[in-house]
Amino acid sequence: MAQQQGRVVRWEAERGFGFILSASTQEKVFFHIRDFRGAPEPLLRMQVAYEEIHVGGKGRRAVAVRPLASLSSSVAVPSASAHPQRKENQARSERPARKNTRSRAPAAGAALIGLLTLCWLVVIGWALWIERLPLWGAGALLALNLLTLWVYAADKNAARNGTWRVRERHLHLLALLGGWPAAWLAQQRLRHKTSKVSFRAVYWLSVVLHCAALIGWLWRGPKMVLF
């Protein structure tokens, strides 16, 4: 395989993958952290050399990715052999803190979403019982959540392959219309859209707006015919 060069144009540190813009073809090539060789870890705009392979059904992929010597020399990188004990002790001391910091927020969010989903289901059941919501409305909400799962999975697959992505506003629209429980499930199970703060903020806003609109409609809206 011929060696090629390019620069890192996207890097998802938490999920361990990114894309390289090829210097020769100006096309994006997927690469995984396990295919990266050298130090420091991949950074945006890092100039790298790599070998390209074609994975069946998944497109182009970069392997044996290494930072170019020019970049490596301009970045002060501690030698792996220098102070090995100090480096190992520092890594051990930082590891638990990072793990705890990352785990607290998802755990709190999962508990809140679980409680909201339970309340949401109770409200929908109550609305069906008192004829404030038609049966087809409950069926539509179920179909919407299944559609949301599928769209998130398709967008995750597109992110891996560097192909056409689903617009974020469309993902938020699905959540706003009632697909927010499935959106949360897809985010956690697929590890998708979990690190982008702006996306998470709009997602939570869509949850609040949907619940407020649902309660307002059920409280003030007319009775519906069950069929």
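This is a short tour of a predicted model, from the whole chain to one helix pair and then to single residues.

Residues are numbered from 1 along each chain as its sequence is written. Because the model is predicted, local features need pLDDT of at least 70 and side-chain atom pairs count only at pLDDT 80 or more, while totals for chains, interfaces and linings use all residues; side-chain values use heavy atoms, with hydrogens and water left out.

**Whole chain.** Start with everything shown. The chain has 5 helices and 5 strands, where helices (H or I, at least four residues) and strands (E, at least two) are DSSP runs numbered from the N terminus. Along the sequence the pattern is β-β-β-β-β-α-α-α-α-α. Of the 227 residues, 35% are buried, meaning under 20% relative accessible area with a 1.4 Å probe, protein chains only. Among contacts (heavy atoms within 4.5 Å) with a separation of 6 or more, 62% join residues 24 or more positions apart.

**Helix α3.** Select residues 135-161. Helix α3 has 27 residues and spans 40 Å from its first C-alpha to its last, close to the expected 39 Å; the expected span is 1.5 Å times one less than the number of residues. Buried residues of α3 include Leu 141, Leu 144, Asn 145, Thr 148, Val 151, Tyr 152 and Asp 155. An α-helix has 3.6 residues a turn, so residues three or four places apart point the same way. Just after α3, select Gly 162, which takes a positive phi of about 70 degrees.

**α3 with α4.** Add residues 168-190, helix α4. How do the two helices lie? The axes of α3 and α4 come within 8 Å and cross at roughly 55 degrees; axes are lines fitted to C-alpha atoms, for helices over the stretch in contact, and angles run from 0 to 180 degrees between N-to-C directions. The helices α3 and α4 are therefore oblique to each other, that is, outside the ranges under 35 degrees (roughly parallel), over 145 (roughly antiparallel) and 65 to 115 (roughly perpendicular).

**Val 151.** Stay in α3 and select Val 151. Val 151 is buried at 11% relative accessibility. Leaving out residues up to four places away in sequence, Val 151 touches Val 166, Leu 171 and Leu 174. The C-alpha atoms of Val 151 and His 170 are 9.4 Å apart, with their positions 19 residues apart along the chain.

**Arg 200.** Finish in helix α5, residues 197-220, at Arg 200. Is this residue buried or exposed? Arg 200 is buried, at 15% relative accessible area. Its contacts, again without residues up to four places away, are Trp 184, Gln 187, Gln 188, Lys 193 and Thr 194.

Methods:
Buried means under 20% relative accessible area, exposed over 50%, partly exposed in between (1.4 Å probe, protein chains only).
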